[in-house]
Amino acid sequence: MSFDPARLLSPRTALADEGAIIRMAQKSRDLRAKGRDVVSLTVGEPDFDTPAFIQHAATKAMAEGFTHYSPVAGIPELRVGIAQKLETENGIPMKPEGVVLANGAKQAVANAILSLVDQGDEVILLAPYWVSYEVTARFANGSPVVLKAGIEENYKVPAARIAAALTPRSKLLVLNSPCNPTGAVWSKQELEEIADVVKSHPQLMVLADEIYEYILFDGTMHSIAALPGMAERTVTINGFSKGFAMTGWRLGYSACVEPLAKAMMRMQSTISTGANQFVQRAALAALAAPRTEVEEMRKRYQIRRDMVLKAFAGMNSVALGPIPGTFYAFPDVSHLYGRKAGIDTAEQLCDWLLEEHGVATVPGSAFGAPESIRLSFAAGETELEKALERIKAAFAKL
Ligand SMILES: Cc1ncc(COP(=O)(O)O)c(C=O)c1O
């Protein structure tokens, strides 16, 4: 028999799908390469460049020789700066020793899950959810337990349903506010109700992913770790990718109690070492400055959010929630399924939108919600307007 390396792959590799977002983004690039006019609303990536003062801080740091390995948990000044930020902006009591810089928030999520979740531990996911939580929980041999809320609940699973799902094996509850893909934002009261449920369990921790905290249009940002008794029960995840338009720089962080932070640091030390040192210097500058550019970008996302809401308000048979945060819209399009031959699923609808109407979106099944599709409005207003007109015209044909 001939040697076939493909047969040697661990079953784990089958869990790590490239993902619907990457697949749809690639399909739209392929169509563009063939000369087709395609607007892509697939990836969750700010169209803005990183603010100039942050870029300058990085080049200055490089010129000053900050090009070597970083301490694994991050440079001390940035750990101090982030602990201060969490205290002053989020009300989370935090010591610098609890902060671990990572190569993107995604790695911080992985560090947390790999450090906490063991064989058979239950990881509670609130659908619709960001897909990486589920795959990483499976990498850790954990068992995802999916609880789902629809548009009628503003995409937020009530605390009572979380309480009812808990078992002695429950280990980690994943909370993502503002939420990718729905834009839902949890109020202080909703978080208090969840915190009470969490605290009633002997071993339940919360992974609170707050990466979209600065992309907020309605309501106020609340961190569950700031609530009484929750600091020791929460790993807060955040980073620079979305709010500061620094996706390509790869810098995120986790913040939690010290023994867990040390375990996460050891995980990261094994897999990738510390985050890029001159990027951390740039992040220091980003953190220390007033949030002027962050606010300017937020305002632009709000204009786009309003464009999306207006466009969808005029569409029959499609339901869209209010989108208080993030740069995603997640309309329920399930009433359109079955109206045309070959369009019975979110995947088929997305393929049809792309191939026949030149708009790339992502099927909601990638987020545990096959009745919806996701549109990212982190695209320029002209492109967005064009895409919305195309979607409107396409849906009118169904
Ligand atoms: C909810 C959520 N968490 C984390 C991340 C990852 O962020 P980063 O680019 O910093 O790894 C993303 C990126 O899309 C996200 O949507």
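Author: A polar contact is a pair of N or O atoms within 3.5 Å; within protein, one must be able to donate a hydrogen and the other to accept it, and residues adjacent in sequence count only if both atoms are side-chain atoms. This is a predicted model, in which local features need pLDDT of at least 70, side-chain atom pairs count only at pLDDT 80 or more, and totals for chains, interfaces and linings use all residues. Residues are numbered from 1 along each chain as its sequence is written, and side-chain values use heavy atoms, with hydrogens and water left out.

Reader: What makes the pair formed by K242 and the ligand a polar contact?

Author: A polar side-chain atom of K242 lies 2.8 Å from an oxygen atom of the ligand, and the limit is 3.5 Å. For D209, a side-chain N or O atom is 2.6 Å from a nitrogen atom of the ligand. A105 uses a backbone N or O atom, 2.8 Å from a ligand oxygen atom. The ligand has 390 Å² of accessible area on its own, and the protein covers 91% of it (Shrake-Rupley method, 1.4 Å probe; for residues, only the protein chains shown count as cover).

Reader: Which residues around the ligand come nearest?

Author: There are 13 residues around the ligand, and N180, D209, Y212, S241 and R250 come nearest; a residue counts as near if one of its heavy atoms lies within 4 Å. By class, this shell holds five nonpolar, four polar and four charged residues. Ala, Val, Leu, Ile, Met, Phe, Trp, Tyr, Cys and Pro count as nonpolar, Asp, Glu, Lys and Arg as charged, and the others, Gly among them, as polar.

Reader: Why is the protein called as compact as a globular protein of its length?

Author: The protein has 13 helices and twelve strands (DSSP runs, H or I of at least four residues for helices and E of at least two for strands, numbered from the N terminus). Its radius of gyration is 21 Å, close to the 21 Å that the globule rule gives for 398 residues, so the protein is as compact as a globular protein of that length. The radius is taken over C-alpha atoms, and the rule is 2.2 Å times the number of residues to the power 0.38.

Reader: Where is P128 found, and where is P181 found?

Author: P128 lies in the loop between strand 3 (122–127) and helix 6 (131–139). The peptide bond from A127 to P128 is cis, with omega near -5°. P181 is in the loop between strand 5 (170–176) and helix 8 (188–199), and the bond from N180 to P181 is cis, with omega near 25°.
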